[in-house]
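Reader: Got a minute? I'd like to walk through this one with you.
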Amino acid sequence: MAFDIEMIKKVYENVVERVDAAKSLTGKHLTLAEKILYSHLWDGTPAKTFTRGADYVDFAPDRIACQDATAQMALLQFMQAGKEKVAVPTTVHCDHLIQAKVGASQDLQSALNTSNEVFNFLESVSNKYGIGFWKPGAGIIHQVVLENYAFPGGMMIGTDSHTVNAGGLGMVAIGVGGADAVDVMAGMPWELKFPKLIGVKLTGKLSGWTAPKDVILKVAEILTVKGGTGAIVEYFGPGATAMSCTGKGTICNMGAEIGATTSTFGYDASMERYLRATDRADVADAANAVKDYLTADPEVYANPEQYFDQVIEINLSELNPLLNGPFTPDLSTSAGKEMTEKANANDWPLQVEWGLIGSCTNSSYEDLSRASSIAQQALDKGLAAKAEFGINPGSEKVRYTADRDGILNVFEKLDAKIFTNACGPCIGQWARYEDPKNAPKNSIIHSFNRNFAKRADGNPNTHAFVASPELVAAITIAGRLDFNPMTDTLVNNNGEEVMLDEPTGWELPPNGFEVKDDGYLAPEADGSGVVVTVDPSSERLELLTPFTPIGSEIKGAKLLIKAHGKCTTDHISMAGPWLRYRGHLDNISNNCLIGAVNAYNMKTNFVKSQIDGEYDAVPKTQRAYKAAGIKSIVVGDHNYGEGSSREHAAMEPRHLGVVAVLVKSFARIHETNLKKQGMLGLTFVNESDYDLIQEDDTFNFLDLDAFAPGKPLTIEAVHADGSKDIIMANHTYNAGQIEWYNEGSALNLIKKQNNA
Ligand code: SF4
């Protein structure tokens, strides 16, 4: 069974009762985000109100989704919790471990050859513990979730930052670390700081070359990569309802790129159409029966300033097609002349080498059909693609239907490579170069969400720009980054100047979706007889041993690294080839912080050891500290740990013996992950104290024995010359989270409570 209609009906019963209760408690009209939050309280019917941005609240999500890279560690942890079955409907999706190289069938086979051990492990754990399993090639997690599980008014969590994609179908869907997912799988509440609310009013209408992707690229420009931190973004207005459901998914998907907790849209006719087209008429009927509860009260959208903490208005009729990048998703440039100027000023290569369409952000039927309308024009008008073209369909359902409808064939006639229904180039699984580190400077354009250095192909010199699928298609054909399809001509095979017309396409397949084998495996009703084996000599998988509590005394800790500038989870625990070790904590720890820039020499993976004064790799230096019984801390800049939800970025330093991470500010998920693993995640009370930290510093925590909610910690930094500075550090640990620290990890506490 793809989804559980009875569970959804139960949610809708709760929504009515709990939203009414919340409205009478708060005495005001509610946004959609508040309705979903208040109807998913762990304690049931609301008995009190919560302060946004302040109160930690326990929630009861309806679903969990995990992808293959993060599921390994999540399931290894869940296995330690001593439960027979997952407490909440859960699915595992095999999408990250499949390289894009030759084309779908060969690439899929080679993934099966190289990662079968992991896929088999995930399949058997899923089978044993009642988890739905989506095989390699079935599709990208968030597209499959949107097609099968997302429902208006629901709450889900997922072990991937782009879980937020399901906001396109009116959910509050949030990316979490595997440790959070394990809590919920084990029947525990899921805790979140009650988010602030940002309202985005969309007026006007998308037309011509603008697409939903341009809306979120514009929002990213306005809010930057930090602007959504701690907030749910709720979109509304005539521009929102005029947009397709999968277009809404695109916008919510890239909410992760502005740091937002999640994004969502109220239930509307586009969602109903999508539900019916994906065989969920019963969900649409159930949603229609409570539809006023699945969107904000009309008064909220009429006077948004009264209800949201921040309101942004975008007139879609005035929006231009945008390209965001390189190296950050919030740097927007309009297609055409503005790009020519910026590229020349910044020395960005104007020639485009590759255009890639796909990823969970833009791989729907609508995306492929609109991009193919541009590709078809190239064929009709005698144009060849000047750049290489790669396509990753979002799911087998989309691929099969697009193939049936001739869409993929149009791309193939332009010599496009059709890769597997999987993440592929979006997560560094792109076998583009033999030696990516020494590959040449170049530009690519893609419809993905992230464009950090090395993200797609491992080449630090690749300038990746993010755009809508239709603009990617046009620029791939033109081969130039500054091509503006609205004004520029191209010269065809006959030497004639031709223009590309505006894209056209179908929101949903006119002849319906179709698929032969969607790649889903239901679990055994009784999985108690299923045996899960992990080879002790495996280099990919390793059973976990519980972390030992750090304790209330930290004295003589050394500085491992002071990270300069951006330090994302990719910098802390790189993806690409390291994906292979996601289920083996000790092996993957060899990538710990190797991408972080050392503030003292501006080099990566080159830090000074305070044992012998020599410079060496970060993991090697830290392993030496651990072997010598020396504790260490990491210091960082703003928004430390932004990017993905992977808890490896917390588990690795923890495994290697780092006891605290002290930064100017954290990305939310990473801060929680540090707490879950029983370490200290702290922020400078005075940001300028970052400058006081010196390379040879030793740290003494003076009042850790009085660790308490709301009480800053005092750290003494002893410099090499014997002078000292007192550094005050804030933290956001509540009493329960301090228990995680005291027990060594959240998982240790779950086990202890299970056994009590
Ligand atoms: Fe996969 Fe990329 Fe989406 Fe992550 S962002 S789920 S890697 S397609």
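Reader: Which residues does UniProt list for the "Aconitase A/isopropylmalate dehydratase small subunit swivel" domain?
Author: UniProt gives residues 558–686, in an unreviewed entry. Keep in mind that the model here is predicted.

Reader: How much of 558–686 is helix, and how much strand?
Author: Helix makes up 28% of the span and strand 19%. The C-alpha atoms at its two ends are 21 Å apart.

Reader: Now the sheet. How many strands are in the closed barrel, and in what order?
Author: There are 7, in the order 22-25-26-27-30-29-28. The pairing is mixed. From one strand to the next, the twist averages 40°.

Reader: Take strands 27 and 30. Parallel or antiparallel?
Author: Antiparallel. Strand 27 covers residues 680–684, strand 30 covers 724–730, and 2 bridges join them.

Reader: What stands opposite threonine 683?
Author: Asparagine 730, in strand 30.

Reader: Switching to helices. Which strands does helix 20 lie across?
Author: Helix 20, residues 618–627, lies across strand 22 (557–562), strand 25 (632–636) and strand 26 (658–663). Its angle to strand 22 is about 175°.

Reader: And helix 22? Why is it largely enclosed?
Author: Because 8 of its 9 residues are buried, helix 22 (668–676) is largely enclosed by the rest of the structure.

Reader: Which ones are buried?
Author: Ile669, His670, Glu671, Thr672, Asn673, Leu674, Lys675 and Lys676.

Reader: Last one. Which glycine follows helix 22, and what is its phi?
Author: Glycine 678 follows helix 22. Its phi is positive, near 75°.

Definitions and conventions. Residues numbered from 1 in each chain as written. Predicted model: local features only at pLDDT ≥ 70, side-chain atom pairs only at ≥ 80, totals over all residues. Heavy atoms only, no water. Pairing = 2+ DSSP bridges. Helix = DSSP H or I, 4+ residues; strand = E, 2+ residues; numbered from the N terminus. Axes fitted to C-alpha atoms, helices over the stretch in contact; angles between N-to-C directions. Contact = heavy atoms within 4.5 Å. Buried < 20%, exposed > 50% of the residue type's maximum accessible area, 1.4 Å probe, protein only. UniProt positions renumbered as here; feature names shortened; annotations may be inferred.
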